[in-house]
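Here is a short tour of a few spots in this structure, written with the bench in mind. Take a moment to look at the sequence and the 3D view before reading on.

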Number of protein chains: 2
Amino acid sequence: MGEFDLIEKIKSIFPSANQDGQIGIGDDCAVLDCGNGREWLVSTDMLIEDVHFLRSQNPYSLGWKSAAVNISDIAAMGGTPRWVFLSIALPAALSPTWIDEFLKGFRDILSQHHVLLMGGDTCSSKNGICVNVAIIGEAEKGRSIKRSAARVGDWIVVTGPLGDSAAGLKCILSDLPADEHVKALIQKHTQPCPRIHEGLQLAQLEGIGAMMDISDGIASDLRHILKASGVGARVNVTKIPRSAAFSAVCQRESWDELDLALGGGEDYELLFTCRPGTPLPAYCTVIGEITSHSEQLEWVGTERDFSGYRHF
Amino acid sequence: MGEFDLIEKIKSIFPSANQDGQIGIGDDCAVLDCGNGREWLVSTDMLIEDVHFLRSQNPYSLGWKSAAVNISDIAAMGGTPRWVFLSIALPAALSPTWIDEFLKGFRDILSQHHVLLMGGDTCSSKNGICVNVAIIGEAEKGRSIKRSAARVGDWIVVTGPLGDSAAGLKCILSDLPADEHVKALIQKHTQPCPRIHEGLQLAQLEGIGAMMDISDGIASDLRHILKASGVGARVNVTKIPRSAAFSAVCQRESWDELDLALGGGEDYELLFTCRPGTPLPAYCTVIGEITSHSEQLEWVGTERDFSGYRHF
């Protein structure tokens, strides 16, 4: 059973929570009415050894990323992250250094975003390491940005270059000598920066439509907006922003730029739609527009098809 | 590293969140100020295959208990459970029936307590099954009951019989013929009932002190109240309430009643303290009193010592 089949099954078994502005399953975060002019955003992510990471990976980076994915989910709705809860199952053989480094990475990104660790659970594991992070953020009531709000004619916009994280992983796996470019890409992979400030700024835009974060790759993630909004999209791949480091290393190593930029995940840039002509901050790049062709995704500027990473 | 050592390490690395009535690590739930005369209670629990359960166990019961432990954490603070988030990692080889039954058990207890599933995460696992449940409940501001509020002279009280769940597990493992008593005990083990109504009622008591739920066994759990409150306790083991089914089966099978009633976990009854003389509901039994002997736990009515279940 694939991840999305399982989610459909769960949605069919459990009563829907979507009413009075409250949102359950189906967006980056659940939206809960806090009753005082604010709404709370909640998201949770599980990371499993040998599926999402290897034990040989840098534990500091794993700690950092465990929180980053959740903080990014809050950014994706235009909210402010506040509190996290860490559950962690650890094999008895794991070294204390591993645990220390993991916790340091986790602490450092929390500290950067003024997020407090409020609780969690610790237990042993007979098999691999298992981590779950739950986060609570907040937004002004009715102002969190949903995936379902894209309208025909909207611009499709991203907040920064894509592909850096995937290229950074390839640098690590290929053991490339660490020049400035390679270092920059690896940094983007090991310590991604969730776009909290950008999300807050974009949520205030007059013409804002739908928004989400790019965790699985734009080719996969954009489809969630199309499905939730009942619209289509036309994206010009030549307009996808790419960093100087990314292009330099891809060209030198003969890596497929489009494949990495469109299919590669973990960039944690924001993907949003807005009314055409909306004045945008400088970090934004318009890459296409929303069409009326329900759930159809057209690529302009390439003959190829791209599909994102799948969890199962 | 033991569970409690790891928690101490985490507490030393991360900034404390305990201020302005807000509570972080150290109670059944975190307490968050919701800003409208209410406070939110949050708890999260992780269940790992081969540590907390076996794959051969009844998946319906596992689904039920995955939510029950969290709902019970809300009961332990005198709150009302509202929303849950389910993260689940599943091996590819797992049968669809297992998943269906797990989800049914999870749904049925949520439905019984009017709790909504609001989101979560699904992923594959290369090793065992891993489940994490995060729950959000609410209470009147300043009215949730903490572990730290026991006072010297307080009565120590439990809301129902202890040992049933541990005896139920022993019935299953011993494959006892299912007479009425055995069935009742097994039911207490496979489908425990969190004491939400009792918790809400007790939180309104004039003389209420500290409260928590009994998940690891009273011998272990009571120590948390003693530590958090800086007090001691004297407990008369002959007063620990035991069910008719429990005593009948223990006597017939020559099982050690005290060992099961004091050391056995998963009863999910509430353990609380209150001013002596407080009028109590009929389901309550006074089993001892709080003393000034910091963190010392004296057992009256037995020569033996009892220590609870440890996670590591």
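A good place to start is A:Leu185, which, setting aside neighbours within four places in sequence, is in contact with A:Asp164, A:Ala167, A:Gly168, A:Cys171, A:Ser243, A:Ala245, A:Phe246 and A:Val249. Please keep in mind that this is a predicted model. A:Leu185 belongs to helix 5 of chain A, and its relative accessibility of 0% counts as buried, because the cut-off for that class is under 20%. One of its partners, A:Cys171, is 14 residues away along the chain, yet the C-alpha atoms of the two are separated by 7.8 Å.

**Two helix crossings in chain A**

Let us widen the view to the helices around this residue. Helix 4 (residues 164–174) of chain A packs against helix 5 (residues 180–190) of chain A at an angle of about 110°, and their axes are 7 Å apart. That angle makes helix 4 of chain A roughly perpendicular to helix 5 of chain A, because 65 to 115 degrees is the range for that class. The crossing of these two helices is left-handed. On the side of helix 4 of chain A, the contact is made by A:Asp164, A:Ser165, A:Ala167, A:Gly168, A:Leu169, A:Cys171 and A:Ile172. Helix 5 of chain A contributes A:Val182, A:Leu185, A:Ile186, A:Lys188, A:His189 and A:Thr190. By type, the residues of this contact are seven nonpolar, four polar and two charged.

Helix 5 of chain A also meets helix 8 (residues 244–253) of chain A; their axes come within 9 Å and cross at roughly 115°. Helix 5 of chain A is therefore roughly perpendicular to helix 8 of chain A. Here, too, the crossing is left-handed. A:His181, A:Val182, A:Ala184 and A:Leu185 in helix 5 of chain A touch A:Ala245, A:Phe246, A:Ala248, A:Val249 and A:Arg252 in helix 8 of chain A. The residues of this contact divide into seven nonpolar, one polar and one charged.

**Cysteines in chain B**

How many disulfides are there over all chains? The count comes to zero. A disulfide is a covalent bond between the sulfur atoms of two cysteines. For B:Cys193, the closest cysteine sulfur is in B:Cys284, 17 Å away, which is too far for a bond. B:Cys250 is in no disulfide either, with the nearest cysteine sulfur, that of B:Cys171, 8.3 Å away. Are these two cysteines buried or exposed? B:Cys193 is partly exposed, with a relative accessible area of 36%, whereas B:Cys250 counts as buried at 1% relative accessibility.

**Positive phi outside glycine**

Two residues that are not glycine have a positive phi: A:Glu266 and B:Ser254. The table sets out where they lie.

| Residue | Phi | Loop | Relative accessible area |
|---|---|---|---|
| A:Glu266 | about 65° | between helix 9 (257–263) and strand 9 (270–274) of chain A | 26%, partly exposed |
| B:Ser254 | near 55° | between helix 8 (244–253) and helix 9 (257–263) of chain B | 65%, exposed |

To return to the starting point, A:Leu185 takes part in the contact of helix 5 of chain A with helix 4 of chain A and in the contact with helix 8 of chain A.

How values were computed: Residues numbered from 1 in each chain as written. Chains lettered and ligands numbered in written order. Predicted model: local features only at pLDDT ≥ 70, side-chain atom pairs only at ≥ 80, totals over all residues. Heavy atoms only, no water. Axes fitted to C-alpha atoms, helices over the stretch in contact; angles between N-to-C directions. Helix = DSSP H or I, 4+ residues; strand = E, 2+ residues; numbered from the N terminus. Parallel < 35°, antiparallel > 145°, perpendicular 65-115°, else oblique. Left-handed = near helix turned anticlockwise from the far one by under 90°. Contact = heavy atoms within 4.5 Å. Nonpolar A, V, L, I, M, F, W, Y, C, P; charged D, E, K, R; others polar. Disulfide = S-S within 2.5 Å. Buried < 20%, exposed > 50% of the residue type's maximum accessible area, 1.4 Å probe, protein only.
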